[in-house]
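Could you read the points below with the model open beside you? They move from the whole chain to one strand and then to the ligand.

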Amino acid sequence: MSLPHLSLENAQARMLALLEPLPMERVAVEAALGRYLAEPLTAARTQPPADLSAMDGYAVAGQGPWRLKGESRCGEPFAGAIHGGECVRISTGAVLPEGADRVLIQEDADVSGDTVIHTEDPPVGKHIRRKGFEFSPGHTLLDAGTRIGPAHVALIRSAGHAEVAVQARPTLAIFDSGDELNSDPTACGVHEIPASNGAMLAALAGALPCDIHQSDPLPDRLDDIVAALEAHRGADLMVLTGGASVGDHDLAKPALDAVGAQLDFWKVAMKPGKPLMVARRGKQLILGLPGNPVSAFVTGFLFMLPALRKLLGARDCLPQTIHLPLATDCPAGGPRREFMRGSLAEGVVPAPQQDSSALLTLARSNVLIDRPAHGDEAKAGTSVPCLLLEIP
Ligand SMILES: Nc1nc2c(c(=O)[nH]1)N[C@H]1C(S)=C(S)[C@@H](COP(=O)(O)OP(=O)(O)OC[C@H]3O[C@@H](n4cnc5c(N)ncnc54)[C@H](O)[C@@H]3O)O[C@H]1N2
Ligand code: MOO
């Protein structure tokens, strides 16, 4: 079958359109790290809940000197109000007593007995965190599709929620395939190599919340590949690596046909990663990634992770492009848009080896430089679009 090579944007959009976010569930906030909000997050309380002191010192009213009337501590406010010429000892985060108009930090206070005088007089309102300055009940704090990071965990609890609505964790089955692959890297014969793509893709996917099934490499036998595809019909996403090209032993396409999967597209105008295959079987998405290790990584980064993000309900499924200056010259591009490995120092240095089998330069790289098809040579100092290889 000869299908046109899709542009990367077109291929990503087509793949994402095949997927729906998974059903919603409610989980404890602490268990939601790395997941995406299924609903906008609304405040259920007022923060701060009262006017609070931002410093340790004295809450004062009117002009000094002030007479010390008591103390307001965190969790134990001063009972009552103060009037002009009075103050209370106060801690950071404690409730400001009624009548206090500013906080004198203790470094600027001279205390003798129950009299407090200032060396610096703060203006009215100083060092007070006003009630509700962050949020009040009903305020929308975060949009649906926001990824929950450590700060979000704290914010959601602070907003008065013990649980949060997220999409269910996707299930993912990953398979290496090829007769040359040995699952034991310490026991490879001369005609063998260690299976490494599956482990790499599982590590890549593992940065997102998902449940991963990974097993020994499949041989280049149609029956075995079909059996593996059948055994994991229930997975939300299946990723097969190897056998995506056109050789006699490239069985990804025949295996997809045999299990009744509908091929949506095959081949994307990009390097590495051209023979990427995207198919659907019912609600399941199947990705056939090329076997060359760097091609598997780049397509995993540009397709598998976005697919997982879509299932997880992310607002932004695709990796963000940033522009960085080149530290050295970058050669002219070939006929395919190319993602070149590079490292970020004072500017981006393209890796000297760009062969799609070369894992060493991938492991030493932390960016992919996005080079246009037929692009001219880019000189050092030119700003180029890059993807940071930070996961995810
Ligand atoms: N006549 C053509 N040949 C090739 C074309 C083409 O258009 N016409 N495309 C080339 C491109 S581009 C790529 S990319 C590769 C993709 O090939 P496959 O997906 O069929 O991958 P394999 O042939 O199975 O393996 C390629 C290479 O990668 C090694 N490999 C495979 N799986 C793993 C694994 N799990 N762990 C580690 N290494 C793996 C395998 O040993 C091969 O060396 O096709 C080109 N050919
Ligand atoms: O696309 Mo292949 O991935 O160039 O080596």
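The numbered points that follow take up conventions, overall form, domains, one strand and the ligand shell.

1. This is a predicted model, in which local features need pLDDT of at least 70 and side-chain atom pairs count only at pLDDT 80 or more, whereas totals for chains, interfaces and linings use all residues. Residues are numbered from 1 along each chain as its sequence is written, while chains are lettered from A and ligands numbered from 1 in the order in which they are written.

2. The protein chain has a radius of gyration (taken over C-alpha atoms) of 30 Å, against a value near 21 Å for a compact globule of 392 residues, the globule rule being 2.2 Å times the number of residues to the power 0.38. Its C-alpha trace spans about 95 × 50 × 40 Å along the principal axes, and 38% of the 392 residues count as buried, that is, with 20 or more other C-beta atoms, placed from the backbone, within 10 Å of their own.

3. Seven helices and 26 strands are present in the protein chain; these are DSSP runs numbered from the N terminus, with helices being H or I of at least four residues and strands E of at least two.

4. The domain assignment, whose bounds come from an automatic or database source, gives domain 1 (8-23 + 168-311), domain 2 (24-46 + 134-167), domain 3 (52-129) and domain 4 (321-388). Between the centres of domain 2 and domain 4, taken over C-alpha atoms, the separation is 38 Å.

5. An unreviewed UniProt entry lists residues 173-310 as "domain: MoaB/Mog", in the numbering used here, and such annotations may be inferred rather than shown by experiment. Over that range the chain is 32% helix and 25% strand, with the end C-alpha atoms 17 Å apart.

6. Which residues of strand 17 lie on each of its two covered faces? L237, V239 and T241 are on one side and M238 and L240 on the other, all of them buried. Strand 17 (residues 237-241) pairs in the parallel sense with strand 13 (residues 171-176) over five bridges and, likewise in the parallel sense over five bridges, with strand 21 (residues 284-289), where pairing requires at least two DSSP bridges. V239 is the bridge partner of I174 and stands opposite L287 in strand 21.

7. Ligand 1 is surrounded by 26 residues, the closest being D176, N197, A244, S245 and G291, where a residue is near if its C-beta atom, placed from the backbone, lies within 6 Å. Helix 3 (197-205) and helix 6 (293-311) each supply at least two residues of this shell.

Note on methods
A residue is buried if 20 or more other C-beta atoms lie within 10 Å of its own, exposed if 12 or fewer, and partly exposed in between; C-beta atoms are placed from the backbone.
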